[in-house]
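The following exercises concern the reading of backbone geometry, burial and strand pairing from a set of coordinates. Please work each task before consulting its solution.

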Amino acid sequence: MLHTGWTIWCVLLTLHISACHLEISGYDSDRVICSEGLSNCTMKDEMPFNVQEENAVVVQNLTPYFKLCCRDRAPCVLCLIIETEINIHPGEAQEDEGHSGNGEEDDGEETERNFKASVTVCYCAAPAMSMCKKVEFTVNRAALSHEKQSKISVVIIEPLGVSFSSRVIVYPKASPLRQEVSVPSLDDVCTQEQQERPDECHVPKLISVINKEMNRMELQFDGRNKSFPSVCIQYEKNGRCQGWNRTTIPLYSVTPCICLQVWDEDVDGQRSRRSHSCPFTDTDVFQRNVWQNVSVSVGPGQMNNLRPMLWWNLSAPCRLEGEVWPCKKESSCREMKGFRQQLSNGTWKQNSKGQWKKTGVFEEINLKLSPCVMVKVKGMDRELGPFCFENTDRWHWSLLIVGIMLLLCLTVLISSYLLRHDFVKKWVWSWYHGGFVQIGMKCHVVLLSPPDVDDGVSESVCRLGSQLSNQGFSVSVDQWSRKEQCTLGPLPWLYSQLLELKSLGGRIVIVLTHKALERVKTWTHQNQGVIKMKREDMGFPQKSSPYSDVFTASLCLIQADKQLGRAAERFVLVTFDPNSSIDRSLPELLQGLRLFQLPSQTQAFLSELAVVGAGKGSGKGSGKDMGPFSFNQIPLLDSLTPRSSGSDPEMNFSALC
């Protein structure tokens with residue numbers, strides 16, 4: 001008959017067997033035990049599917065249970081015992097043997113007495129799949145002539161997928177019978193008397209030692225030299241256990257309610273058993289640590305009926321016994337009668353920091369009296385408190401005063417910053433000169449060298465140009481533009497810089513020396529009445545700077561701008577000689593232009609360049625032209641610009657280039 005047990009489990013009879021105590025057995029391997037009348041009993045593993053059973057055997061009852069199998073002082077392990085009661089029907093077995101197809105006749109007497117049969121039992125512990133054991137045996141017909149019921153006991157050592165606290169289903173094949181058995185928990189097994197042999201029952205032994213010199217409690221583990229178990233600390237036995245990765249605990253954290261859990265890390269997926277110890281329970285050794293860590297907070301509130309109330313919140317490392325009451329603070333805090341409450345009443349809750357917290361309220365209390373709270377803890381010789389709440393109206397006024405003070409301080413800081421950086425002075429200056437300023441705008445600066453050959457002055461000019469460029473100005477230095485001057489000529493090059501000034505705004509900075517002043521005086525004398533002169537007739541020094549033509553061209557522009565009254569808006573003078581008296585001996589042509597001595601007046605010089613008037617000093621939107629000079633007026637300085645017929649201008653500037 002084919003096995004049909006998987007299709008009829010919905011009508012199975014379920015029996016539940018549980019046990020809280022495990023007996024010890026001496027079995028050390030799987031085995032089968034058969035009752036009288038059954039011989040040659042053997043057992044082997046069988047797949048749970050498509051198992052064909054002999055019709056001669058019918059399972060009447062199953063009794064599964066667990067034992068601890070221990071032998072030769074070896075660690076005890078779980079073993080599953082399945083006791084099976086079966087009925088044997090020899091007639092059906094004989095019928096099967098008759099259809100075996102064997103033409104040979106066996107010994108008649110032996111055939112009448114014995115025949116072979118088998119039975120298969122299975123077990124399953126979720127989530128593992130079912131495992132089956134098939135028992136084969138020989139039936140003695142003579143022994144079963146009067147009693148046709150026999151017993152078979154199957155012993156399975158360490159059944160697959162079964163551990164402590166598991167629930168196991170046991171069932172025979174080709175039978176609607178099913179039974180469930182529960183394995184006792186590891187704690188139940190380990191707390192049995194003389195049950196110290198299972199490996200899972202072995203837990204680390206913790207010894208706590210107080211080291212007063214180091215002000216700490218040391219954790220020692222018996223039999224451990226290198227590896228240490230896992231430890232967690234909890235306050236109160238039902239408190240939250242917080243992991244601890246050190247072998248010492250500061251004494252200020254030790255309290256009478258402190259408990260320790262110790263366990264080995266999980267091995268092979270099995271959760272190890274933990275040991276619990278509370279070494280200072282029922283002692284007052286560390287009670288002071290609890291009292292010193294009591295904190296109380298109070299505050300006003302309102303009930304659902306809009307009546308006033310005073311709430312309080314008390315937290316401590318351990319749950320406390322005592323009393324709490326409100327009081328009116330005068331010379332001393334006088335108790336307000338009728339509000340006293342017990343700390344032991346109600347529920348204590350543990351917060352995220354491991355502190356135990358108790359909350360309560362005093363209903364219909366007069367908050368205008370600014371009540372406080374007093375606490376009396378059992379065991380303490382004094383009261384804690386008073387704990388009061390702040391008056392919110394007074395706090396609001398304090399916030400307003402602090403805000404006004406901060407605003408005044410901020411105003412003073414901003415004003416001093418503006419004055420220090422001369423912003424107000426620049427704004428007033430620009431308004432006086434005809435328009436608002438754009439403070440901080442970086443403009444274009446044209447830096448012209450003096451006509452004399454002085455390496456020190458030349459280096460100072462280049463260094464000044466670099467510093468202005470680093471300050472964010474757009475800088476053009478005549479010493480950096482030699483190729484352009486050779487290509488265009490000095491006056492056209494200078495005029496191109498004026499176009500840049502018209503676009504960006506800015507100044508032409510002329511560097512003065514004593515020789516430069518002499519050159520200005522000579523040029524002014526020789527150009528009275530706008531007289532055209534040849535270069536060889538001007539009486540220049542034999543050794544002149546390659547930039548003297550640009551310097552002379554700038555004098556022409558200054559003269560033209562002075563006639564229009566705007567030379568001071570375009571030109572600025574600087575000198576590098578700190579002991580110079582140039583400012584007292586300026587030629588008439590340069591009078592009216594601002595002169596700065598560097599480096600002592602560097603800040604004033606930069607401020608002068610940084611101020612760009614809305615209608616002054618910038619070509620943007622001013623509506624003014626660039627003055628009387630244009631490219632068709634260049635012949636006016638024909639003596640300064642090489643235009644010899646039949647000759648290349650580059651050749652006439654060989655000294656420059």
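Five exercises follow, each with a worked solution, and all refer to a predicted model.

**Exercise 1. Strand β7 and its partners**

Determine which strands pair with β7 and in which direction they run.

Solution.
- Step 1. Ten residues' worth of pairing need not be guessed from the picture: 10 bridges join β7 to β8, and the two strands run antiparallel. One pair to locate is Val 121 with its bridge partner Lys 133 in β8.
- Step 2. The connection between β7 and β8 is a hairpin through six residues.
- Step 3. β7 is also joined to β10, by four bridges, again in an antiparallel arrangement. Here Cys 122 has Tyr 171 of β10 as its bridge partner.
- Step 4. Eight of the 11 residues of β7 are buried, so this strand is largely enclosed by the rest of the structure.

**Exercise 2. Cis peptide bonds**

State where the peptide bonds from Ala 126 to Pro 127 and from Gly 385 to Pro 386 are placed, and give their omega values.

Solution.
- Step 1. Most peptide bonds are trans, which is the background for this task.
- Step 2. The bond from Ala 126 to Pro 127 is cis, with omega near 5°. Pro 127 is located in the loop between β7 (114–124) and β8 (131–140).
- Step 3. The bond from Gly 385 to Pro 386 is cis, with omega near 5°. Pro 386 belongs to strand β27, residues 384–388.

**Exercise 3. Positive phi angles outside glycine**

Find the loops that hold Ser 165 and Asn 215, and decide whether each residue is buried, partly exposed or exposed.

Solution.
- Step 1. Most residues other than glycine have a negative phi.
- Step 2. Ser 165, although not a glycine, has a positive phi of about 75°. Its loop lies between β9 (149–157) and β10 (167–172). With a relative accessible area of 48%, Ser 165 is partly exposed.
- Step 3. Asn 215, likewise not a glycine, has a positive phi of about 60°. This residue is in the loop between β12 (206–211) and β13 (216–221). Its relative accessible area of 45% makes Asn 215 partly exposed.

**Exercise 4. Two residue environments**

Describe the surroundings of Thr 255 and Gln 341.

Solution.
- Step 1. Thr 255 sits in the loop between β16 (248–250) and β17 (258–263). The cut-off for burial is under 20% relative accessible area; Thr 255 has 2% and is therefore buried.
- Step 2. Beyond four places in sequence, the residues that Thr 255 touches include Tyr 235, Phe 280, Phe 286 and Pro 317.
- Step 3. Gln 341 is in strand β23 (residues 341–342) and, at 25% relative accessibility, is partly exposed.
- Step 4. The C-alpha atoms of Gln 341 and Trp 325 are separated by 6.3 Å, although the residues are 16 apart along the chain.
- Step 5. Among the residues that Gln 341 touches are Trp 312, Glu 323 and Phe 362. The side chains of Gln 341 and Trp 312 make a polar contact at 3.4 Å.

**Exercise 5. Helix α9**

Compare the reach of α9 with its expected span, and identify buried residues in the helix.

Solution.
- Step 1. Helix α9 covers residues 490–504, 15 residues in total, and reaches 21 Å from first to last C-alpha, close to the expected 21 Å.
- Step 2. Its buried residues include Trp 493, Leu 494, Gln 497, Leu 498 and Leu 501.
- Step 3. An α-helix has 3.6 residues a turn, so residues three or four places apart point the same way.
- Step 4. Just after α9, Gly 505 takes a positive phi of about 80°.

Notes. Residues are numbered from 1 along each chain as its sequence is written. This is a predicted model: local features need pLDDT of at least 70, side-chain atom pairs count only at pLDDT 80 or more; totals for chains, interfaces and linings use all residues. Side-chain values use heavy atoms; hydrogens and water are left out. The expected span of a helix is 1.5 Å times one less than its number of residues. Buried means under 20% relative accessible area, exposed over 50%, partly exposed in between (1.4 Å probe, protein chains only). Contact means heavy atoms within 4.5 Å. A polar contact is a pair of N or O atoms within 3.5 Å; within protein, one must be able to donate a hydrogen and the other to accept it, and residues adjacent in sequence count only if both atoms are side-chain atoms. Two strands pair if DSSP finds at least two bridges between them.
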